[in-house]
Amino acid sequence: MKARITVITIGVENLEKSLRFYRDGLGLPTQGIVGTEFEHGAVAFFELQHGVKLGIWPRKSLSHDTGLPLCSPSPTETSLGHNVSSKAEVDEVMAQALKAGAVIVKPAQDTFWGGYAGYFQDPDRHLWEVVWNPQWEIPE
């Protein structure tokens with residue numbers, strides 16, 4: 001398998017609420033909700049870097065499409081990492097997420113490995129790490 005991940009889709013309870021969080025609160029670019037003409041088709045995509053997209057899709061639709069039963073999500077199953085260029089930028093993104101309605105799980109602080117990071121949860125409890133790694137150069 002070649003590393004060609006182009007979409008990361010997360011299941012959400014309320015598509016409109018999650019759209020507002022990511023678009024209005026975090027400022028991620030999107031064309032809004034598409035696919036409403038299809039049963040279980042309503043979804044929104046956000047442009048990330050290098051053609052990668054973040055998708056938000058109702059959990060019920062994801063369950064229907066996969067045939068897997070709808071069950072309680074666990075916020076510690078995955079985390080999405082948002083790498084930034086400085087400690088100050090970590091603090092800025094964490095403050096933006098809080099203002100957008102995120103729950104701060106772990107305030108930004110120095111890490112054991114020499115970086116600086118904090119965690120927040122979106123309205124559906126998906127875990128995001130905002131991190132500055134002094135070993136990584138982040139292109140603008």
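There are 5 aromatic pairs in this structure (rings of Phe, Tyr and Trp, with the six-membered ring used for Trp, pair if their centres lie within 6.5 Å; planes under 30 degrees apart count as stacked, over 60 as edge-to-face and the rest as tilted). Keep in mind that this is a predicted model, where local features need pLDDT of at least 70, side-chain atom pairs count only at pLDDT 80 or more, and totals for chains, interfaces and linings use all residues. Residues are numbered from 1 along each chain as its sequence is written, and side-chain values use heavy atoms, with hydrogens and water left out.

**Aromatic rings**
- Tyr22 and Phe46 make a tilted pair, because their ring centres sit 5.7 Å apart and their planes meet at 50°.
- That pair links distant parts of the chain, 24 residues apart: Tyr22 is in helix H1 (residues 15-25) and Phe46 is in strand S3 (residues 43-47). Helices (H or I, at least four residues) and strands (E, at least two) are DSSP runs, numbered from the N terminus.
- Phe120 and Trp128 are stacked, at 6.1 Å centre to centre and 0° between the planes.
- Phe21, Tyr22, Phe46, Phe120 and Trp128 join up in one aromatic cluster.

**Buried or not**
- Tyr22 is buried at 0% relative accessible area (buried means under 20%, exposed over 50%, partly exposed in between, with a 1.4 Å probe and protein chains only).
- Phe46 is buried too, at 0%.
- Phe120 has 2% and counts as buried, and so does Trp128 at 10%.

**The sheet**
- Here 4 strands form an open, mixed sheet in the order S5-S8-S7-S6 (two strands pair if DSSP finds at least two bridges between them).
- The edge strands, S5 (79-84) and S6 (103-110), each pair on one side only.
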